[in-house]
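Here is a quick tour of a single chain, going from the overall fold down to a few side chains. Have the viewer open while you read.

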Amino acid sequence: MILLPVLYRPFAVLLICATSVTAAPFPTNMDLLVETVASAVDVGLAEMDMPDDTAAAPLLLVPQSKHDANWMVDHLLSSKLLDRGFNVTLDSTAKQLSHMRLSYRLLDLGVTGQSGLRGSEVDRQGRVTLALRLNDERSDAVHWQDEITRTRRDRVPKSQIEVLQHDKFKFAKTELKEQTWGKFVEPVIVSTVLGGLIYLFFSNR
């Protein structure tokens, strides 16, 4: 028996937005993060060691802490667990039906961008650090745990940065770091001043 709650509305909204906001060839920040989190989930589940005597037990999927992107992890984890043949539930009220618990915590999630002085493109990076833990609630024994960090990089036009962000979710906004002339001018000024001081020192001897 497969236990699943009603479809996740945020994810349904996301799919609608992703197809209607832009038909541009550039993935949105949310697209980038979904790919990044999916990669971390794949790596984690590939390493997960489920005890043989509990492999058929329903698996309760729960977050360890609050995060605005927990719905994304819920969807990706449950979908990929189902693909692997697990019975999954997100309903904590059905706890009596499940003694195996897979908990997760989003330790880091976000998008950063780096642009040069004259460049028209931004080097964009999606990042995630996801902690996973499998335990048996009957004995409180931890069977497996892991912490996975993954990144995804691409290049997008600087003019598209605002369009590719998601206003509703802060974690999907680009933390843009732009180089300034000050980074290059300050060393030149320091070098010039030091050179002048050295010249005056030796010319007065």
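From one end of the sequence to the other, the elements come in the order α-α-β-α-β-β-β-β-α-β-α. That adds up to five helices and six strands. Keep in mind that this is a predicted model.

**The whole chain**

Of the 205 residues, 41% are buried. The accessible surface is about 12,000 Å², and carbon and sulfur atoms account for 54% of that. If you take the contacts between residues at least 6 apart in sequence, 77% of them link residues at least 24 apart.

**The nonpolar core**

In soluble globular proteins, nonpolar side chains tend to be buried together. Here the largest nonpolar core counts 39 residues, and Met-72, Leu-77, Leu-102 and Phe-171 have the most contacts inside it. The elements that put in two or more residues are α2 (29–47), β1 (59–63), α3 (70–83), β3 (100–115), β4 (121–136) and β5 (141–157). Helix α2 gives the largest share, with nine residues.

Leu-77 is a handy place to click. Setting aside neighbours within four places in sequence, Leu-77 is in contact with Val-41, Leu-45, Leu-61, Leu-102, Tyr-104 and Leu-132.

**Helix α3**

Does the length of α3 agree with what its residue count predicts, and what is the span? At 1.5 Å a residue, its 14 residues should span 20 Å, and the end C-alpha atoms are 20 Å apart, so the two agree.

The helix is mostly covered, with eleven of its 14 residues buried. Among the buried ones are Trp-71, Met-72 and Leu-77, but also Asn-70, Asp-74, His-75 and Lys-80. After the helix comes Gly-85, with a positive phi near 90°.

Lys-80, part of α3, deserves a closer look. Why does Lys-80 count as buried? Its relative accessible area is 18%, and the cut-off for buried is under 20%. Its side chain makes a polar contact with the side chain of Asp-42, at 3.1 Å. Leaving out neighbours within four places in sequence, Lys-80 is in contact with Ala-38, Val-41, Asp-42 and Leu-45.

**Aromatic pairs**

A pair of aromatic rings is described by the distance of the centres and the angle of the planes. The structure has two such pairs, listed here.

| Pair | Centre to centre | Angle between planes | Type |
|---|---|---|---|
| Trp-71 and Phe-169 | 5.4 Å | 40° | tilted |
| Phe-169 and Phe-171 | 5.3 Å | 35° | tilted |

Trp-71 sits in helix α3 and Phe-169 in the loop between α4 (161–164) and β6 (174–178), so their pair ties together parts that are 98 residues apart in sequence. Trp-71 and Phe-169 are both buried, and Phe-171 is buried as well. Together, Trp-71, Phe-169 and Phe-171 make one aromatic cluster.

**Strands β6, β3 and β1**

Now for a few strand residues. Leu-176 lies in β6, and Thr-112 lies in β3. They are 64 residues apart along the chain, yet their C-alpha atoms are separated by 5.8 Å.

Which of the labels, buried or partly exposed, goes to Leu-176? At 34% relative accessibility, Leu-176 is partly exposed. Thr-112, on the other hand, is buried, with a relative accessible area of 16%.

Beyond neighbours within four places in sequence, Leu-176 is in contact with Gly-113, Gln-114, Ser-115 and Val-122. For Thr-112, the equivalent list is Asp-123, Arg-124, Gln-125, Arg-127, Thr-174 and Glu-175.

The last stop is Val-62, found in strand β1. Val-62 counts as buried, at 11% relative accessibility. Which residues does Val-62 contact, leaving aside neighbours within four places in sequence? They are Arg-101, Leu-102, Ser-103 and Tyr-104. Leu-102 has already come up as one of the residues with the most contacts inside the core. Val-62 and Val-73 are eleven residues apart in sequence, and their C-alpha atoms are 10.0 Å apart in space.

Notes:
Residues numbered from 1 in each chain as written. Predicted model: local features only at pLDDT ≥ 70, side-chain atom pairs only at ≥ 80, totals over all residues. Heavy atoms only, no water. Helix = DSSP H or I, 4+ residues; strand = E, 2+ residues; numbered from the N terminus. Buried < 20%, exposed > 50% of the residue type's maximum accessible area, 1.4 Å probe, protein only. Contact = heavy atoms within 4.5 Å. Areas by Shrake-Rupley, 256 points an atom, 1.4 Å probe, with all protein chains shown as cover. Core = buried A, V, L, I, M, F, W, Y, C linked by side-chain atoms within 4.5 Å. Polar contact = N/O pair within 3.5 Å; in protein donor to acceptor, adjacent residues only side chain to side chain. Expected span 1.5 Å × (residues − 1). Phe/Tyr/Trp six-rings, centres within 6.5 Å; stacked < 30°, edge-to-face > 60°.
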